[in-house]
Amino acid sequence: MATSDIDTVSTSADKARLAAAGLLVVGGVAAFYLLGQQSLWLRVIALLVLIAAAVGVFLTSSQGKELIGFSQDAIKEMRKVVWPTRPEATQMTLYVFAFVVVMALFLWLTDKGLEWVLYDLILGWKR
């Protein structure tokens, strides 16, 4: 897994790319509402085209390239994961259910025990 330091936007070209991507997103939303008299499919296509352009511009910036690298590293790590077999998953699920039942019984018995001590023995309310 790649370890990289957190960098800020350094070059003016990257700043311009990020600003252009932001303007394209704002333009897409504005176009969606300004084309209110047109049919819905035309408005949605205009919005999607401008957002796709914004994503394309963002991915050409250094932050976009870092995001692509991070995504590739994450996919590599996910391929290394050893997933449990079906019997192992079933067994662990049953362990969790058994623990939940035991814990629920413990909490119920504790609650009833404290209720008996407080209300019957100390306060005498349930006589």
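This briefing covers the overall fold, two of the helices and three individual residues.

The model is predicted. The protein has 4 helices and 0 strands. Its radius of gyration is 29 Å, well over the 14 Å that the globule rule gives for 127 residues, so the protein is more spread out than a compact globule. Of the 127 residues, 9% count as buried.

**Overall shape and surface**

- Along the sequence, the elements follow the pattern α-α-α-α.
- The C-alpha atoms fill a box of roughly 80 × 45 × 35 Å along the principal axes.
- The accessible surface of the protein is about 10,500 Å². Carbon and sulfur atoms account for 72% of that surface.
- Take the contacts between residues at least 6 apart in sequence: 51% of them join residues at least 24 apart.
- The protein carries 11 positive and 10 negative charges. The mean positions of these two sets are 7 Å apart.

**Helix α3 and its packing**

- Helix α3 covers residues 62-79, which makes 18 residues.
- From first C-alpha to last, α3 reaches 26 Å, close to the 26 Å expected at 1.5 Å a residue.
- The buried residues of α3 are Gln63, Gly64 and Asp73.
- Those buried residues pack against two helices, α1 (12-34) and α2 (40-60).
- Alanine 74 also lies in helix α3. Its relative accessible area is 30%, so alanine 74 counts as partly exposed, between the 20% limit for buried and the 50% limit for exposed.
- Alanine 74 and alanine 16 are 58 residues apart along the chain. Their C-alpha atoms are separated by 28 Å.

**The loop between α2 and α3**

- Serine 61 sits in the loop between α2 and α3.
- The relative accessibility of serine 61 is 0%, and buried means under 20%, so this residue counts as buried.
- Leaving out residues up to four places away in sequence, serine 61 touches Asp14, Arg17 and Leu18.

**Helix α4 and what follows**

- Helix α4 spans residues 86-123. It has 38 residues.
- From first C-alpha to last, α4 reaches 53 Å, close to the 56 Å expected at 1.5 Å a residue.
- Tyrosine 95 lies in helix α4. With a relative accessible area of 48%, tyrosine 95 is partly exposed, because exposed means over 50%.
- Tyrosine 95 and glutamine 63 are 32 residues apart along the chain. The separation between their C-alpha atoms is 44 Å. Glutamine 63 is one of the buried residues of α3.
- Glycine 124 comes just after α4. This glycine takes a positive phi of about 70°.

Terms used:
Residues numbered from 1 in each chain as written. Predicted model: local features only at pLDDT ≥ 70, side-chain atom pairs only at ≥ 80, totals over all residues. Heavy atoms only, no water. Expected span 1.5 Å × (residues − 1). Buried < 20%, exposed > 50% of the residue type's maximum accessible area, 1.4 Å probe, protein only. Contact = heavy atoms within 4.5 Å. Rg over C-alpha atoms; globule rule 2.2 N^0.38 Å. Areas by Shrake-Rupley, 256 points an atom, 1.4 Å probe, with all protein chains shown as cover. Lys, Arg positive; Asp, Glu negative; His and termini not counted. Charge placed at Lys NZ, Arg CZ, Asp CG, Glu CD.
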